[in-house]
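The following report describes the protein shown below, moving from its overall architecture to its interior and then to the confidence of the model.

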Amino acid sequence: VIAGRRQLFGLSLENNLKPTVQWLKDLGLDDARVAKVIVGLPQLFGLSLENNLKPKIHTFRDQGFAGSQIVRILATLPYLLSLSAKRIAYRMKNLEARGSLAEKSLAVMSLTDAKF
């Protein structure tokens with residue numbers, strides 16, 4: 001995973017890697033799910049916890065997703081963390097307006113704007 005992402009070699013173990021893994025664990029992901037998220041989105045380590053990742057989780061919570069649901073969502077759809085918080089919120093509101101905002105329907109959030 002890391003070999004294909006050379007930019008990860010420049011990240012600090014103490015300032016990037018460990019805090020991100022701990023944050024995922026604090027959300028409730030076990031080691032196996034943390035590994036799935038990292039394999040699915042290795043660039044996660046380069047994202048700011050405070051300015052990028054935490055606001056995205058707040059967006060999920062604001063839309064009514066419980067902690068256990070967020071854990072499952074991240075483990076199965078880690079690429080959602082690559083979307084901006086604004087895009088996540090917009091698409092969730094769009095799905096809610098259609099009556100289809102549910103954990104199982106979130107996979108469509110990866111579609112291009114034209115297909116969404």
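## Architecture

Read from the N terminus, the elements of this protein follow the order α-α-α-α-α, and the predicted model accordingly contains five helices and zero strands. Among contacts with a separation of 6 or more, 63% join residues that lie 24 or more positions apart.

## Surface and burial

Of the 116 residues in the protein, 35% are buried. The area that the protein exposes comes to about 6700 Å², of which carbon and sulfur atoms supply 52%.

## Nonpolar core

In soluble globular proteins, nonpolar side chains tend to be buried together. Here the largest nonpolar core comprises 29 residues, and those with the most contacts inside it are Ile57, Phe60, Leu74, Leu80, Leu106 and Met109. Two or more residues of this core come from each of helix H1 (13–27), helix H2 (31–40), helix H3 (49–62), helix H4 (67–76) and helix H5 (85–97).

Ile57 offers a closer view of this core: once its neighbours within four places in sequence are set aside, Ile57 is in contact with Trp23, Leu27, Ile70, Leu74 and Leu81. One of these partners, Leu74, is itself listed with Ile57 among the residues with the most contacts inside the core.

## Confidence

The mean pLDDT of the protein is 86, with 86% of its residues reaching 70 or more. When the elements are considered separately, the lowest mean pLDDT belongs to H1, at 84, and the highest to H3, at 94.

Methods
Residues numbered from 1 in each chain as written. Predicted model: local features only at pLDDT ≥ 70, side-chain atom pairs only at ≥ 80, totals over all residues. Heavy atoms only, no water. Helix = DSSP H or I, 4+ residues; strand = E, 2+ residues; numbered from the N terminus. Buried < 20%, exposed > 50% of the residue type's maximum accessible area, 1.4 Å probe, protein only. Contact = heavy atoms within 4.5 Å. Areas by Shrake-Rupley, 256 points an atom, 1.4 Å probe, with all protein chains shown as cover. Core = buried A, V, L, I, M, F, W, Y, C linked by side-chain atoms within 4.5 Å. pLDDT = per-residue confidence, 0-100.
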